[in-house]
Amino acid sequence: MSIGHALLGLLETGPRHGYDLKRVYDEHFGHDRPLAYGQVYSTLSRLLRNGLVEESGVEPGGGPERKRYAITDAGVTDVTEWLVTPESPQIYLQSALYTKVVLALMSGRSAEDVLDAQRVAHLKAMRELTARKRDGDLADQLICDHALFHLEADLRWLELTTARLSDLGKQVAS
Amino acid sequence: MTDVLLSGTDLRKSFGATPALDGASMTVRRGEIVAVMGPSGSGKSTLLHCLAGIVAPESGAVVFQGRELSAMSDRERSALRRGEFGFVFQFGQLVPELSLVENVALPLRLSGVRRKTAESTAREWMGRLEVDGIADKRPGEVSGGQGQRVAVARALVTGPKVIFADEPTGALDSLNGEQVMRLLVSTAKETGASIVLVTHEPRVAAYSDREVVVRDGKTRQVELVP
Ligand SMILES: Nc1ncnc2c1ncn2[C@@H]1O[C@H](COP(=O)(O)OP(=O)(O)O)[C@@H](O)[C@H]1O
Ligand SMILES: [Mg+2]
């Protein structure tokens, strides 16, 4: 999961201090793994170096915790690209997908497009496995079956999440 | 896209107050297998019925080989269904009183082919679907997987251009479903038939070349970001 992209996505809703970013991140995505402050500041300084965020007002007193960060145009482009590019289909990628869906909803983008792009990528991988199975021996078939069942589980989650988007949208907005 | 064989454009159809199709569009190219996916009740079967000329949409057009279905007479439409289309449903499509080979031969008999010729063609198709060994049994005497393979043989026996398959593996376990799909797809590819494959199962949709998703009576088609 890309923490940098998640922080950028959160900054799209408005400039924030580092500690505030951590709080919002943990609230939405940190259920079993809250961010460490060190991770927040090291990620922010990398984003700053790459021109994806900028400092937006420094309160007196100095120190990193006083700085407020805002997303730049280059940052918005970067988040957009990340959101529309499907994850490479693999087992257990729900946390990355969940993050993308929530950030799409928060920023007023189409979360359905994010889910649809992912579905297309998943089905493409499933077609390749199905073809490999047809031409393969029994061992190939068993290995492909395992991957196919897991990708299918992801697809079921994508479909269910699509059906729940309007509820999720309300929850994210509240 | 010169190779479009069948297309539905902006199809609408309601049963009572609720729209089953609310502006659905899709195309099927020659030899292509298109999966129609989506949650239950989203309008997949209604879309298939409209494309196959079984149900008339309230608005929108279905065009097969350059001809609009709504412009045909009932006679022409049923001749089209018998001659150019094949059907496979989830279950319940075989006539219980007839033997399996008689079932497979039925579409040919209805088109006026003599019994002997029809049944020998039927046996050939049953061989390709690996069910020739049970040709003289009745539908009630064979397993679900065998019955579906017989249904596929029956759908293919007239040499159709399009096979409409609505949840063809819906009543089967994984292994039997896989066998039905493998044989359905390989025989369709050999004969050049297109398939409209309605399924809510991703593993079944993975046999297709392309998918269309139906949600709330609307189709969504997304091209993959390269
Ligand atoms: N013959 C019918 N009479 C009344 N309602 C129908 C009929 N066929 C379909 N519907 C309704 O239209 C909607 C779409 O149904 P259907 O096309 O069968 O969906 P799917 O195949 O995706 O499960 C559903 O709400 C269903 O109840
Ligand atoms: Mg249906």
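Across the interface of chain B and chain A, the rule finds 10 salt bridges. Keep in mind, everyone, that this is a predicted model. One of those salt bridges joins the side chains of Lys133(A) and Glu178(B), at 2.8 Å from N to O. The same interface also has 10 residue pairs in polar contact, where both partners have pLDDT 80 or more. On the chain B side, H6, helix H7 (202–205) and E9 each supply at least two of the residues that touch chain A. Which element gives the largest share of that side? The answer is E9(B), with four residues.

Let me put some totals on this interface. In contact across it are 20 residues of chain B and 24 residues of chain A. The size of an interface is often quoted as the accessible area lost when the parts come together. Here, the area buried between chain B and chain A is about 1900 Å², and carbon and sulfur atoms give 57% of that.

Now please turn to the sheet in chain B. We have an open sheet of six strands, with mixed pairing and the order E6-E7-E8-E3-E9-E10. At its edges stand strand E6 (85–88) and strand E10 (218–220) of chain B; each has a single partner strand, so one side of each is left without a neighbour in the sheet. From one strand to the next, the twist averages 20°.

Further in, let's look at one pair of strands. Strand E3 (residues 33–37) and strand E8 (residues 194–198) of chain B run parallel and are joined by four bridges. Within this pair, Ala35(B) stands opposite Leu197(B) in E8(B). Helix H6 (residues 174–191) of chain B packs on the sheet, where it touches E3, strand E7 (162–166) and E8 of chain B. The direction of that helix makes about 155° with that of E8(B). Chain A reaches this sheet too: helix H6 (residues 111–135) of chain A lies across E3, strand E9 (210–215) and E10 of chain B, running at about 145° to E9(B).

Next, the other strands I'd like to show you. Strand E1 (residues 4–15) and strand E4 (residues 59–64) of chain B run antiparallel, with five bridges between them. Arg12(B) has Ser59(B) in E4(B) as its bridge partner. E4(B) also pairs with strand E5 (residues 67–68) of chain B, in the antiparallel sense and over two bridges. There, Phe64(B) is matched with Arg67(B) as its bridge partner in E5(B). The hairpin of E4(B) and E5(B) has two residues between the strands, and Gln65(B) takes a positive phi near 50°.

A quick stop at helix H1 (residues 44–51) of chain B. Is it mostly covered or mostly open? Mostly covered, with six of its eight residues buried; among them are Leu47(B), Leu48(B) and Cys50(B). Just after H1(B), Gly53(B) has a positive phi of about 75°.

I'll finish with a single residue, Asn103(B), in helix H3 (residues 100–110) of chain B. Why does Asn103(B) count as buried? Because its relative accessible area is 0%, under the 20% cut-off. What does its side chain find there? A polar atom of that side chain lies 2.7 Å from the backbone nitrogen of Val95(B), and the backbone oxygen of Leu98(B) is 3.3 Å from a polar atom of the Asn103(B) side chain. Leaving out residues up to four places away in sequence, Asn103(B) touches Leu94(B), Val95(B), Leu98(B), Pro139(B) and Arg154(B).

Definitions and conventions:
Residues numbered from 1 in each chain as written. Chains lettered and ligands numbered in written order. Predicted model: local features only at pLDDT ≥ 70, side-chain atom pairs only at ≥ 80, totals over all residues. Heavy atoms only, no water. Buried < 20%, exposed > 50% of the residue type's maximum accessible area, 1.4 Å probe, protein only. Polar contact = N/O pair within 3.5 Å; in protein donor to acceptor, adjacent residues only side chain to side chain. Contact = heavy atoms within 4.5 Å. Pairing = 2+ DSSP bridges. Axes fitted to C-alpha atoms, helices over the stretch in contact; angles between N-to-C directions. Buried area = accessible area lost by both parts, 1.4 Å probe. Salt bridge = Lys/Arg side-chain N within 4 Å of Asp/Glu carboxyl O.
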